[in-house]
Amino acid sequence: MRRALRLADRAIGLSDPNPRVGCCLLDSAGQLIGEGFTQQAGGPHAEIMALRDARARGASTQGCTAVVTLEPCSHHGRTPPCADALVEAGVARVVIALPDPNPAVNGAGIARLRAAGVVVALAPADLAAAAHELNIGFISRMQRGRPFVRLKAAASADGVTALPNGQSQWITGPQARADGHAFRRRAGAILTGIGTVLADDPRLDVRDVETFLQPLRVIVDSQLRIAPQARVLAAPGTACLVHAGAPTRAELASIEQIALPASDGRVDLHALLARLAERGVNELHVEAGATLNGALLAAGLVDEILLYQAPLLLGQGLPIASLPALPDLAHAARWRRIDATPVGEDLRLRFRPA
C-alpha cells in the first residue's frame, strides 16, 4: 500500500479533478506483477494502468490481489467502472485504503466487487490517513461542496510579509519558493486579490516544478480594476475574474468573468468556493494580501495555513492578514501545527484549525 500511495503521489498535477489513486497488483506469491496511477481526466484510472502493466509484463491477473489507495469506481463516467475491470481480470482480492466519498460510488464499488465473489479488505488506519491526506481536496469537494483551502504566506520571523512600500521580493530563499510551487501544483486553482495583482503583478503559475496541468488563476476583482496586460492573465494556463456585478469592460472581453453575489460591496466568498467546487476544483491555493487573507480567515474558510518563515527581522510592514483586534487572548482562533520543516534557510510551517 505504501508503494501504491507513492504511485498516487505521481498523479498530483495530472489527474484533477479526479482523485489521485495508485494501484499495485500482486500474484499469489506476493510478487508485484503490475502497477499504475490515475492519468489525466478522461484517461485511464490507476486500476486500468496496473492491469495494462501486468499484461505488458506477460503476467496473468487471474487470482491476483489488487492493492489500491481508493475504492474502485462503480459508475460510468468518462471511463467504464474500474470495479468491473478488476472482476473481468480475475482479481481475487482487493485491499483498499479509503472508501470513495463520491456519492456516485460511496461503497458501491466495494459492493460490486463482493457481489462478484471478490474478497475486499480495508487497510490499517495509518494508511487510510495517508490516502485521505493525498486526496484531502477531493474529499472536501465531495463531502462539503467546496475545495480544501490552503492559505500560503511568506513572512519574516516577526510576521511581516512586505515592507511598508510593498516590497516583498524576496523575503524567502529559492528553496522555499520552489517548495511553494510544489504546493501550487497540488491545486486546481490559485486565488488572489486585485490588491496583490496591482501591487506585485504576479504570474501565479507553476514554474519551479514540473506539472502537466496549470491551475486556474482566479482573481477577486469586485470592480474589475485589473489591467488587460497583467501577467496573471497571460499563458500558460488560464485565468478568470470574479467580480460583484461590475460594469463590463470591452478590453477584458477575452477573459472569463464570473459575477457573484456581493456582501458589503465585496464578492461573497462562500459563493465563490461553491462555484469553484462546481468547476471541479479540489484544492484552492491562496496567495493574496492581508485584506483577502483576513476575509477568508474571518469567514472560517481556511483549512490550512502554509507559512514560510524567513530568518529576517523587518520591523514595520504588512501583516499576513488584516483581522480585527481581540478583546483578550481567550478569543484567539486556535490552530494546531501539523508540520515544521526546514527548507533551505527558511522554515515551512503548516497549521490547521484546532
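Which residue in S2 does Gly22 stand opposite? In this predicted model, the residue facing Gly22 is Phe37 in S2. A little further along, Cys24 has Glu35 of S2 across from it. Both pairs belong to the stretch where strand S1 (residues 22-26) runs antiparallel to S2, the two being joined by five bridges. The connection is a hairpin, with five residues between S1 and S2. Gly30 sits in that turn and has a positive phi of about 85°.

Zooming out, S1 and S2 belong to an open sheet of five strands, ordered S2-S1-S3-S4-S5, and the pairing is mixed. S2 and strand S5 (119-122) take the edge positions with a single partner strand each, so one side of each has no neighbour in the sheet. From one strand to the next, the twist averages 15°. What about S2 itself, then, at the edge of the sheet? Five of the six residues in S2 (residues 32-37) are buried, so this strand is largely enclosed by the rest of the structure.

Helices come next. Helix H1 (residues 2-9) lies across S1, S2 and strand S3 (65-68), and runs at about 140° to S1. Helix H2 (residues 46-56) also packs on the sheet, where it touches S1, S2 and S3. The direction of H2 makes about 145° with that of S2.

As for the interior, nonpolar side chains tend to be buried together in soluble globular proteins. Here, the largest nonpolar core has 40 residues, and the members touching the most others are Met1, Leu25 and Val94. H2 gives the most to this core, contributing four residues. Met1 is worth a closer look: leaving aside its neighbours within four places in sequence, it is in contact with Val67, Val68, Thr69, Val95, Ile96, Ala97, Ala123 and Leu127. There is also a second, separate core of 29 residues, with Val242, Leu260, Ala288 and Val302 among them.

On to the charged residues. Side chains of opposite charge can pair when their charged atoms come close. The count for this model comes to 25 salt bridges. One of them brings together the side chains of Asp53 and Arg57, at 2.9 Å from N to O. Asp53 has 21% relative accessibility and so counts as partly exposed, and Arg57, at 44%, is partly exposed as well.

Another salt bridge links the side chains of Asp303 and Arg144, with an N to O distance of 2.9 Å. Asp303 is in the loop between helix H10 (290-298) and strand S14 (304-310), while Arg144 is in helix H6 (residues 136-144), so the pair ties together parts that are 159 residues apart in sequence. Which partner is buried and which is partly exposed? Asp303, at 10% relative accessibility, counts as buried, whereas Arg144 is partly exposed with a relative accessible area of 44%.

Glu251 and Arg249 also meet through their side chains in a salt bridge (2.9 Å, N to O), and Glu251 is partly exposed, with a relative accessible area of 45%. Beyond such pairs, salt bridges that share partners join Asp16, Arg20, Glu133, Arg150, Arg186, Glu283, Glu304, Arg350 and Arg352 into one network.

Note on methods. Residues numbered from 1 in each chain as written. Predicted model: local features only at pLDDT ≥ 70, side-chain atom pairs only at ≥ 80, totals over all residues. Heavy atoms only, no water. Buried < 20%, exposed > 50% of the residue type's maximum accessible area, 1.4 Å probe, protein only. Pairing = 2+ DSSP bridges. Axes fitted to C-alpha atoms, helices over the stretch in contact; angles between N-to-C directions. Contact = heavy atoms within 4.5 Å. Salt bridge = Lys/Arg side-chain N within 4 Å of Asp/Glu carboxyl O. Core = buried A, V, L, I, M, F, W, Y, C linked by side-chain atoms within 4.5 Å.
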